[in-house]
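Visitor: I should like to take a close look at one part of this protein, namely the paired strands in its interior. Please describe that part and then place it within the whole.

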Amino acid sequence: MESPFKADVLKGKVALLTGGGSGIGFEISTQFGLHGAFIAIMGRRKQVLDSAVSGLCSQGIPAVGFVGDVRKQEDAKRVVESTVKHFGRLDILVNAAAGNFLVSSEDLSPNGFRTVMDIDSVGTFTMCHEALKYLKKGGPGRSLSSGGSILNISATLHYTAAWYQIHVSAAKAAVDATTRNLALEWGTDYDIRVNGIAPGPIGDTAGMSKLAPEEISNKAREVMPLYKLGEKWDIAMAALYLASDAGKYINGTTLVVDGGLWLSRPRH
Ligand code: HXC
């Protein structure tokens with residue numbers, strides 16, 4: 001689908017995306033690139049990164065991949081530094097890396113809970129922490145008055161509760177809290193805008209096929225009046241809005257992009 005944004009809304013910006021080699025992260029990488037940004041993607045699997053980078057480059061997008069795990073502070077530091085070394089600066093950090101699996105609370109081990117917290121919540125904070133010195137106003141390649149921005153991808157399942165997702169609910173709630181707290185502190189001190197996106201069920205993603213196999217999706221369609229799948233494109237357009245100057249006065253917001261699904265109840 002054609003973008004409603006001008007092709008230069010992110011012209012010259014450098015974006016680093018964790019989890020940027022697949023799923024929603026890859027679509028954001030692609031759309032940011034098609035709108036003028038230089039793209040660095042971070043992920044654990046070299047093969048996935050390599051094919052993502054060649055997919056981006058084949059569309060004329062300057063792109064580079066760095067292998068790394070957001071759970072390791074040294075990886076976060078190295079990848080942020082490598083991005084700045086490669087492209088000269090950093091303007092936008094997108095935290096899209098996430099871990100997930102369906103399991104009842106009874107069967108989930110504390111280590112399983114911790115693993116998802118480590119990837120989603122601690123990983124998001126670690127990346128923000130390592131990126132701060134490059135994103136703050138007056139940082140390398142930046143003016144004294146203008147900072148960069150951060151986008152954290154979360155979810156809506158913790159607004160209520162979700163079956164077999166206690167670890168993810170807790171982790172995404174922490175991500176949303178991190179978004180608000182960093183927006184307050186870093187917006188005030190460093191002119192960095194920190195926002196989030198909470199996607200609903202998005203078709204053609206690992207999250208969707210893992211969490212809502214087809215039978216569940218079909219059943220959900222029957223009981224939820226607003227039920228329909230979103231597209232990765234929908235999330236990428238929201239990301240463009242928040243990361244570009246269109247969103248310059250938006251800070252500390254997590255934008256729900258779910259077609260209104262989380263509000264819905266069965267009809268009676
Ligand atoms: C129960 C599980 C499990 C499962 C892992 N664990 N998978 N427990 N059911 N299916 C437990 C393990 O038993 C172990 O605890 C602990 O978690 C760590 O497991 P490891 O395999 O050692 O971890 P690791 O190799 O680091 O992998 C972690 C991972 C990750 C979370 C499984 O590889 C992963 O999910 N990758 C896929 C990424 C993904 O799906 N991304 C899309 C996210 S979608 P013990 O106690 O045994 O040591 C998304 C959307 C959310 O986030 C919102 C949707 C609405």
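Guide: The following account begins with the whole chain, turns to the paired strands, and ends with the surroundings of those strands.

The model is a predicted one. The secondary structure of the protein comprises eight helices and seven strands. A compact globule of 268 residues would have a radius of gyration near 18 Å, and the value for this protein is 18 Å, so the two agree. The C-alpha trace spans about 55 × 40 × 40 Å along its principal axes. Of the 268 residues, 46% count as buried.

We may now turn to the strands. Strand 1 covers residues 14–18, and five of its five residues are buried. Val14, Leu16 and Thr18 point one way from strand 1, while Ala15 and Leu17 point the other way. This arrangement may be set beside a general rule. In a regular strand the side chains alternate between the two faces of the sheet.

Strand 1 has pairing partners that can be taken in turn. One of them is strand 2, residues 38–43, which runs parallel to strand 1 and is joined to it by five bridges. Within this pair, Thr18 stands opposite Met42 of strand 2. Strand 1 also pairs with strand 4, in the parallel sense, over four bridges. Here Leu16 is the residue that stands opposite Leu93 of strand 4.

Strand 4 consists of residues 92–95, and both of its faces are covered. Ile92 and Val94 lie on one side, Leu93 and Asn95 lie on the other, and all are buried. Strand 4 pairs in turn with strand 5, again in the parallel sense and over four bridges. In that pair, Asn95 stands opposite Asn152 of strand 5. The pairings described can therefore be followed from strand 2 to strand 1, from strand 1 to strand 4, and from strand 4 to strand 5, with strands defined as DSSP runs numbered from the N terminus.

Strand 5 offers a residue worth closer attention, Ser149. Ser149 counts as buried because 26 other C-beta atoms lie within 10 Å, and the threshold for a buried residue is 20 or more. Apart from residues up to four places away in sequence, Ser149 touches Ile92, Ile192, Arg193 and Ala243. The C-alpha atoms of Ser149 and Asp91 are separated by 6.3 Å, although these residues are 58 apart along the chain. Across the protein, among contacts between residues at least 6 apart in sequence, 72% join residues at least 24 apart.

The strands should next be related to the nonpolar interior. In soluble globular proteins, nonpolar side chains tend to be buried together. The largest nonpolar core here has 68 residues, and Ile39, Leu93 and Ala239 are those with the most contacts inside it. Helix 4 gives the most to this core, with eight residues. Leu93 of strand 4 has contacts beyond its neighbours within four places in sequence, namely Leu16, Met127, Cys128, Ala131, Leu135 and Ile150.

A residue of helix 1 also belongs in this picture. Ser29 is found in helix 1, residues 23–34, and it counts as buried because it has 32 C-beta neighbours inside 10 Å. Leaving aside neighbours within four places in sequence, Ser29 is in contact with Leu17, Gly20, Ile39, Ile41, Ala52 and Leu56. Ser29 and Gly139, by contrast, are 110 residues apart along the chain, and their C-alpha atoms are separated by 23 Å.

Strand 5 is followed by a loop that leads to helix 5, residues 166–190, and Tyr164 lies in that loop. Most residues other than glycine have a negative phi. Tyr164, which is not a glycine, has a positive phi of about 60°. Tyr164 is partly exposed, because 15 other C-beta atoms lie within 10 Å. Asp204 also has a positive phi of about 60° without being a glycine. Its place is in the loop between strand 6, residues 193–199, and helix 6. Asp204 counts as exposed because it has 12 C-beta neighbours inside 10 Å.

Helix 6, residues 206–211, brings us to the ligand. Helix 4, residues 110–135, and helix 6 each supply at least two residues of the shell around the ligand. Of the 18 residues around the ligand, Gly99, Phe101, Ser109, Gly112 and Gly207 come nearest. The residues of this shell divide into ten nonpolar, seven polar and one charged.

Conventions:
Residues numbered from 1 in each chain as written. Predicted model: local features only at pLDDT ≥ 70, side-chain atom pairs only at ≥ 80, totals over all residues. Near = placed C-beta within 6 Å. Nonpolar A, V, L, I, M, F, W, Y, C, P; charged D, E, K, R; others polar. Core = buried A, V, L, I, M, F, W, Y, C linked by C-beta atoms within 7 Å. Contact = placed C-beta atoms within 7 Å. Rg over C-alpha atoms; globule rule 2.2 N^0.38 Å. Pairing = 2+ DSSP bridges.
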